[in-house]
Structures are given as structure tokens and as C-alpha cells.
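Trainee: I am new to this structure and would like a close look at a single part. Could you walk me through one strand and the charged pairs around it?

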Amino acid sequence: MVSISIVVFYMSARHNAKGTIMNELWKECVGFVGYEVSNLGRVRSWWVWGQKGIRAEKPRIMTPASDSRGYAMMTLRRDGWQTPAKVHVLVLTTFVGPRP
């Protein structure tokens, strides 16, 4: 019997709706130390899970949850407290500026 394993890699280039490739740009989240957000709406953490204040050697991509209205949300830590944050607001404040 032959077993086949499929490995999925996260690439730094993604396809948009028209099929062209977009490069993913990462920036530090405004107001959240140790977290980065990409222009494609992904969030990654530099913190080691379960360890307070220890940075990892490489970041991990976080999985968003949905709120009651269907918006993608993350629970990020700020000053030791868990703070819910919507992903689209993180992208806006990081790449454009504060909300109007």
C-alpha cells in the first residue's frame, strides 16, 4: 500500500481575483508589540505560546475566528491583557492610518 502525504506551504506571493500574483508585505501592528499584519489580511505572532515575554525565533501565522457578524477577529495581547481585534481594522490602521 502506498501512502501519499500532501504538504501545504505558505508562500510570500498570493493570487488576487484577476489571477495576478501579489507580494505579501508585513508590518508591525500599531498598538500591539510582537504582532505583524500583512497587506493580504494575515496576522502573525512573534511570541512563544504559553511563555510570557519570550520572542520566538520565527513567527507563526495565527488563525482568525469569526465574530457574530462574520468579521475575522484575533485575540491579541496588549500590556498583559487579551484584546479582541478585527483583522480588517488591523490592516487599515497599519497600512493606511487611524480609522476615520
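Mentor: Happy to; what follows is a look at strand β5, its partner strands and the salt bridges.

This is a predicted model, in which local features need pLDDT of at least 70 and side-chain atom pairs count only at pLDDT 80 or more, while totals for chains, interfaces and linings use all residues. Residues are numbered from 1 along each chain as its sequence is written, and side-chain values use heavy atoms, with hydrogens and water left out.

Let us begin with the strand itself. Strand β5 covers residues 43-47; helices (H or I, at least four residues) and strands (E, at least two) are DSSP runs, numbered from the N terminus. Four of the five residues in β5 are buried, so the strand is mostly covered (buried means under 20% relative accessible area, exposed over 50%, and partly exposed in between, with a 1.4 Å probe and protein chains only).

Now for its partners. Strand β4, residues 35-38, pairs with β5 in the antiparallel sense over three bridges; two strands pair if DSSP finds at least two bridges between them. Within this pairing, Tyr-35 stands opposite Ser-45. Four residues lie between β4 and β5, which form a hairpin, and Gly-41 in the turn has a positive phi of about 90°. Strand β6, residues 55-61, also runs antiparallel to β5 and is joined to it by three bridges. Here Arg-44 faces Ile-61 of β6.

Next come the charged pairs. Side chains of opposite charge can pair when their charged atoms come close. A search of the whole structure finds three salt bridges, each being a side-chain nitrogen of Lys or Arg within 4 Å of a carboxyl oxygen of Asp or Glu.

One of them brings together the side chains of Arg-44 and Glu-36, at 2.6 Å from N to O. Arg-44 counts as buried because its relative accessibility is 18%, and Glu-36 counts as buried because its value is 14%.

Another joins Glu-24 to Arg-42 at 2.8 Å, N to O. That pair links distant parts of the chain, 18 residues apart: Glu-24 is in the loop between β2 (21-23) and β3 (26-28), and Arg-42 is in the loop between β4 and β5. Glu-24 is buried because its relative accessible area is 11%, and Arg-42 is buried at 15%.

There is also a salt bridge between Asp-67 and Lys-86, at 3.7 Å from N to O. Asp-67 is buried at 18% relative accessibility, whereas Lys-86 is partly exposed at 32%.
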